[in-house]
Amino acid sequence: MQYISTRGDSLGQYCDVLLEGLAPNGGLAVPEQLPHIDAATLERWRSLSYAELATEVIGLFATDIPREDLARLCAAAYGGGTFAADEVVPLRDIGEGMTLVGLSEGPTLAFKDMAMQFLGEALEYVLAKSDRVLNVLGATSGDTGSAAEHALHGRDRISIFMLSPQGRMSAFQRAQMYSLHDDNVHNIAIDGVFDDCQNLVKQLASDLDFKRDHSIGAVNSINFGRISAQIAYYFWAWLRATDALPAQDRTGFEVSFAVPSGNFGNILSGYYAKRMGLPVRKLVLASNENNVLDEFFRTGHYRPRSAERTLATSSPSMDVSRASNLERFVFDLLGRDPQRTAAAWQELDTRGEIDLSSEQHRLLPEFGFVSGTSTHEDRLATIRTFFENSGVTLDPHTADGAKVARDHVEPGVPMLVLETAKPQKFADLIAEALGTPEEMDAATRALLDAPQRVTDLPDDEQVLRAYISERALH
Ligand SMILES: *Cc1c(COP(=O)(O)O)cnc(C)c1O
């Protein structure tokens, strides 16, 4: 399979785009053509384990990785006991016509492990094949950084430099990152806020000489390897949701998905699954108070906020000012026309917004998208209701998904709500919602008590540059 940029130009194959999601012309890597899965193939996939299914799905995109190698990578990512549940992604009925899709069984208790664990394997493989090294540089406010570190620690040919804002993460998030002691993990706490960390990364990454000389790369949410790995769990969820149906009723049986969204990476994977032929009725996008994407899907106006106008909410992993993956969807919306896509992003640069209101009427019938917003009060009420009615504690992000999903449940159409994190990660909010703190399990206690290692640095590009130069792999 060949990859192209959303703003024109061809980019090579899967292994070529794995290290660099952003095209030189500023666009994002997308498959030249999406593969199509027919009903018979879907039925053949029913008996596969999660690792085997991931091999089939990712294999459609990674045609330049030999199948037996890919099977080995997927078995290592999903078969080795890294995920708490045997089935990797368990499904659970939570009432009101909704089913929780358990994407947070991995080491950092958030859905990002699903893609990151595969990406860790795939990067190590590609680097060994091409005799290269990679120094991953990133900034995190919590979930992404820990998922990346837990996927990359101890690996050959890879080191990771992760900037986090000093004193701005929860005790749990700090413990998840700073308790890793591998030589290839460099935790750097910057004297500043998350945006300062991100600006430092941008400054270094825009110095192309520095980037090349030190083999700097990223594993952020635009990475197509992550998108492709996420597509697998949409297929898995549909298969498990239809297991109990009589065989003759399964073909074309529609489900809907509700997806707590920030950078639009997770739900983009769901949209690709639908385009590939998975019977998906609705893709329900849930925003928090930073509801730029909800506004886009309701009106066709995309108006990203500045970092200063982005609110700090109680579902922090969705506090995104710019949905970095949206360009991939808009490319399809504009007929996969790179000129029109480039013009739209030009408009964004000059006017600060994109007006696609003339296309808005197509978003539901053609693409399946609906959307909604959930607030702090909604989050608390939703956590409470589901706890009282079904005994399940939702994390704040998943609660946003369930809240918005409620408005879109239809009789006979299972609503699959993606569990993007576990409640243990957000103990304070759970205590606020339920009146009692979540019981701390032994693993959480041990994690919080583990010795931590982190280097404090000032918000200073030159200091950071020197720090990385001394420690980067060559
Ligand atoms: C990253 C994240 C999200 C948002 O996912 P996107 O792919 O950025 O839309 C939602 N919930 C949690 C818990 C996350 O970590």
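Contact here means heavy atoms within 4.5 Å. Keep that in mind as we walk through this structure, which is a predicted model.

Let's start with Ser-324, in the loop that runs between strand S12 (301-302) and helix H14 (326-333). Setting aside neighbours within four places in sequence, Ser-324 is in contact with Leu-28, Ser-221, Ile-222 and Asn-263. Take Leu-28 from that list: it sits 296 residues away along the chain, yet its C-alpha atom and that of Ser-324 are separated by 9.3 Å. With Asn-263 there is also a polar contact of 3.1 Å between the two side chains. Is Ser-324 buried or exposed? Partly exposed, because its relative accessible area is 31%, and the partly exposed range runs between 20% and 50%.

Asn-263 leads us to the ligand. Among the 15 residues around the ligand, the ones that come nearest are Lys-112, Asp-143, Gly-262, Asn-263 and Asn-266. A polar backbone atom of Asn-263 is 2.7 Å from an oxygen atom of the ligand. Next door in the list, Gly-262 places a backbone N or O atom 2.8 Å from a ligand oxygen atom. Thr-420 works through its side chain instead, where an N or O atom is 3.0 Å from a nitrogen atom of the ligand. How much of the ligand does the protein cover? On its own the ligand has 380 Å² of accessible area, and the protein covers 97% of that. As for the make-up of the shell, five of its residues are nonpolar, eight polar and two charged.

Asn-266, one of those nearest residues, also belongs to helix H12 (residues 265-275). This helix is largely enclosed by the rest of the structure, because nine of its eleven residues are buried. The buried ones are Gly-265, Asn-266, Ile-267, Leu-268, Ser-269, Gly-270, Tyr-271, Tyr-272 and Ala-273. Just after H12 comes Gly-277, with a positive phi of about 115°.

Now for the nonpolar interior. In soluble globular proteins, nonpolar side chains tend to be buried together. Here the largest nonpolar core has 107 residues, and those with the most contacts inside it are Tyr-78, Phe-118, Phe-235, Phe-257, Phe-264 and Phe-329. Helix H10 (residues 224-242) gives this core its largest share, twelve residues. For a close look at one member, try Phe-257: beyond four places in sequence, its contacts include Tyr-234, Ala-237, Leu-278, Val-280, Leu-283, Val-284, Met-415, Leu-416 and Leu-418, along with Lys-282. There is also a second, separate core of 21 residues, with Ala-258, Val-392, Ala-399 and Leu-429 among them.

A charged residue makes a handy contrast. Glu-121 is in helix H5 (residues 112-129). It counts as buried because its relative accessible area is 16%, under the 20% cut-off. Not counting neighbours within four places in sequence, Glu-121 is in contact with Leu-73, Ala-76, Ala-77 and Arg-155.

One last stop is Ser-141, in the loop between strand S6 (134-139) and helix H6 (143-152). Ser-141 is partly exposed, with a relative accessible area of 40%. Leaving out residues up to four places away, Ser-141 touches Met-169, Gln-173 and Phe-194. Its C-alpha is also 9.5 Å from that of Ser-170, which is 29 residues away in sequence.

How values were computed
Residues numbered from 1 in each chain as written. Predicted model: local features only at pLDDT ≥ 70, side-chain atom pairs only at ≥ 80, totals over all residues. Heavy atoms only, no water. Near = heavy atom within 4 Å. Polar contact = N/O pair within 3.5 Å; in protein donor to acceptor, adjacent residues only side chain to side chain. Areas by Shrake-Rupley, 256 points an atom, 1.4 Å probe, with all protein chains shown as cover. Nonpolar A, V, L, I, M, F, W, Y, C, P; charged D, E, K, R; others polar. Core = buried A, V, L, I, M, F, W, Y, C linked by side-chain atoms within 4.5 Å. Buried < 20%, exposed > 50% of the residue type's maximum accessible area, 1.4 Å probe, protein only. Helix = DSSP H or I, 4+ residues; strand = E, 2+ residues; numbered from the N terminus.
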